[in-house]
Amino acid sequence: MQEQEKRKLLDQSSRIALSAFLHDLGKFAERARIPVDQEILDANKQLYCPHRKNHVDDKGWFSHVHAAYTGLAMDLIEESMPELKGTDFAPFGSWKSKEADDSFINAAAKHHKPETFLQWIIATADRVASGFDREEFETYNHGEDITETGKNHYTARQLTLFEQIRLHSEDKQHYAYRYPLKPLSPNSIFPVKSEKCEGNDDKAAQKEYEKLWQGFVEALKLLPKSHRNNWSLWLDHFETLWGVYTQAIPSATAFNIRPDVSLYDHSRVAAALATALWRYHHERGETDENAAKALKAQEQSWQEKKILLIQGDFFGIQDFIFASGGETNKRAAKLLRGRSFYVSLLSECAALKVLEALSLPSTSQVINAAGKFMIVASNTPATIETLQQVQQELNDWFLQHSWGQAGVGLAWTDATCNDFRRAKPGKSSPYKALITKLFDQLEIAKNQRLNLCGDAAAPVVFKDFLDSFDKDKGVCKIDGKSPASEQLDQETSISRLAWDQLKTGEWLTRRERILITRQSLNMASTLKIPVFGYHISFAENQDIQGKFGEQAKNGNLLRAWDFSLPKSADGALWNGYARRTINAYVPIFDDKAHAESLLGKYAGEDKLELGDAKTLNHIACEDQTLQENHRWQGITALSTLKGDVDNLGMIFQSGLGDDTSFSKTAALSRQINAFFTIYLPWLCRSDDQYRNTYTVFAGGDDFFLIGPWLSQINMAGKMRQAFQEYVAHNPEVHFSAGISTTKPGLPINQLGEMAEDALERAKAHNPGQVVPSPKNAVNCFNQAMYWEEFSALSTRRKRLQELSEDMDLSTGYVYGLLNLIDMAEKVDEKPENAVWHSYFAYRTVRMLERNKHLDKEQRKRRQAELAEEIANAGIIRHGSNYRVALFCHLYQQRD
């Protein structure tokens, strides 16, 4: 297909996607009570809304009145939309002529009363996204205005899916939490108790919607005007905006429906499905009245395998990030930062490669988190042939630049509309079966990495490997494998990939936008290696304003992404551009650090300028405290904190029971990802205790952090507490974590291995040999325990510090307690070790006797206090795990 034809098809697909995206725009507008002309509204009701007779007074009335508001709302936002008028508005007959059956507005608004082929495409996508079949939809279509929680469409607030997850327990579900009706922000992604955000006052609820609507309308004006002529580029921006302002609006609020899916999640899944369905029929030439009748009848149409679910998975992430050579440690912080972002960038560009090859808009990508993505496409031979070509291109790139260490694997699974249905009473869930099939298909793809066994031509890249080395520059000093081609300094030669990774790590701290183009922009901040054929440039906000309109118009600019970190707890995460949460927080050398450097805190380390990212060596110094004698106290050390959500596969496959749907799967993936990509960076940025946390990666369901040793131990507890709040205190949703404490200067690949080992120890913690293993644990100083014990030990640490300050506990006394723990935990093996109690009493008395200022009663009182806190609450209660409290105390006292 020629480029011009591909772009034409992409524009048409984008219009279908936008029509489906806005099919419930009227819900937002009607709940906000936007000002309307009653005569026009009544006319719209006749046109768009299902009509029924009231069984009480026999007066005619219309259900789902929001459909009538869809057209009215479009009038209000039309000036900020793409060019919607003109002779060519294919596949629609026009933009908003209500007389034209296949107008854009009719397709969007008539999803409850469809007649034509395009209207049935949107209506079918709407139903499939919700998991409805025809009978269920008709019931919903004529349902009463009340939710399962007893609220109407104004007062109902969105439930959290996390509260509903059940893996092992059969406890009855209680819906105590809701999401506040606010734009997307670090605070608004947390659910709150229902009484804090949900009431029975329609007027007050409408005021909340009105405020949200006004924010949306104003934010829409920030979309770049010059991007309106590029449908796919503009749609990518709009999807972010729509998500920011509708992520907490419940989509369905009728017929006793549980309002647990947001308008955003339902809209984007419906848009992806509508695009795929239209493309399937379009490519087969089945877009006439007969096709509409078949969609309406469902029997045969819903059994055809029209849909292709494409999964992408980045494998080898750890090997890619932690690859090391001789110069790796010297630039560890910048390199880790650059590589982590680069992994996210590769995943984004791989998804873009699939979308571009299939002429699909960004809205066809329904899942996007931590190296994994899912795209919805049409199941046609042309689609599958194109995917095979894309997979080979991805393989070739990774073989050339990472020598097979990493790659992106694609797996695709065909599906019918029936496969997305919820379970009916007494029957298994077709959608759950589809989810299982998707997981199995991805596992197969993981074991066929790079297709080295299936394609004899693939290893050709390695034949020229030795010939590609320059005899003077030799091997890349960063990764220790690739041919060096770039001169970093007089003594250091590195590969182009290493150069790009280091520069990425440098530019991330000073820029917040990224541009993806077909042809290079030749900016100073353009990466040297095109990624899968795309040129990547970093730009500051002011660089982007108004400068690339022509690039957008001629199609060279494919994406413009904002990757800035949250700047406030409640501010809407919207800056006028499509947003990708692929950046991570890194500590910066600021005024406070500069002042402390003058006091000798970073003695012996390289000097930094204001605004520079701190090195790992600087970060290792941050838990020292300045004493009255002007000396810094405490060890210089780092802690790595690595963790991931437990039982994630089970959560997606069976956690929501039989009442799950495609929209819920997409929503759950997005919400798990948001904790690590929205809340965590904000926590690091806003809380002084964690401002020196270095994020290697965080997203999807896992995280890897490096920071000052004690701050990271505290961070583990804080994250666990916050995650409990985030999942509405559901005890079946949790994560495990491993903490590894080391001196700075360790090779970065060893840091990664030690962190992984600590996490595995935490996951394996199961003293009761429970089946299945409960996980939900943490490993610190090689002591694995459940989070409840770790939290209790935090209290013991603080109490030990207080006693030390009050009683001047000597270092020798505290060190001796470690020996007593060794004895206490082996009493069963050696009964004579029970004398540890006597040893403790003796050592405590001797220590107190050295303080000549204490009288007999004071010594006795303090002895009892130490016995209660250390012997009883410490050693007896926590056993060997009490070492964590002792180590933390001792390391804080070292000079």
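This report describes salt bridges and one β-sheet in a predicted model.

## Basis of the model

Because the structure is predicted, local features require pLDDT of at least 70 and side-chain atom pairs count only at pLDDT 80 or more, while totals for chains, interfaces and linings use all residues. Residues are numbered from 1 along each chain as its sequence is written, and side-chain values rest on heavy atoms, with hydrogens and water left out.

## Salt bridges

The count comes to 48 salt bridges, each defined as a side-chain nitrogen of Lys or Arg within 4 Å of a carboxyl oxygen of Asp or Glu. One of them joins Lys664 to Asp260, with an N to O distance of 3.2 Å. Lys664 belongs to helix α23 (residues 662–686) and Asp260 to the loop between α9 (231–246) and α10 (263–283), so this pair ties together parts that lie 404 residues apart in sequence. Helices (H or I, at least four residues) and strands (E, at least two) are DSSP runs, numbered from the N terminus.

Lys664 is buried at 3% relative accessibility, and Asp260 is likewise buried, with a relative accessible area of 3%. Here buried means under 20% relative accessible area, exposed over 50%, and partly exposed in between (1.4 Å probe, protein chains only). Lys664 and Asp260 also belong to a network of salt bridges that includes Arg258, Arg422 and Asp659.

## Two further pairs

Asp646 and Lys763 form a salt bridge of 2.5 Å, N to O. This pair links distant parts of the chain, 117 residues apart: Asp646 is in the loop between β17 (638–645) and α22 (648–654), and Lys763 is in helix α25 (residues 748–764). Both residues, Asp646 and Lys763, are buried.

Arg284 and Glu286 meet in a salt bridge of 3.3 Å, N to O. Arg284 is partly exposed at 44% relative accessible area, and Glu286 is partly exposed at 28%.

## The four-stranded sheet

An open sheet of 4 strands follows the order β6-β7-β5-β8, with antiparallel pairing; two strands pair if DSSP finds at least two bridges between them. Its edge strands, β6 (365–369) and β8 (407–415), each pair on one side only. Within the sheet, β5 (residues 307–315) and β7 (residues 372–378) pair in the antiparallel sense over 7 bridges, and Leu308 stands opposite Ala377 in β7.

## Helices on the sheet

Helix α14 (residues 381–402) lies across β5, β7 and β8, running at about 165° to β8. Helix α23 packs on the sheet and touches β5, β6 and β7, its direction making about 25° with that of β6. Contact means heavy atoms within 4.5 Å; axes are lines fitted to C-alpha atoms, for helices over the stretch in contact, and angles run from 0 to 180 degrees between N-to-C directions.
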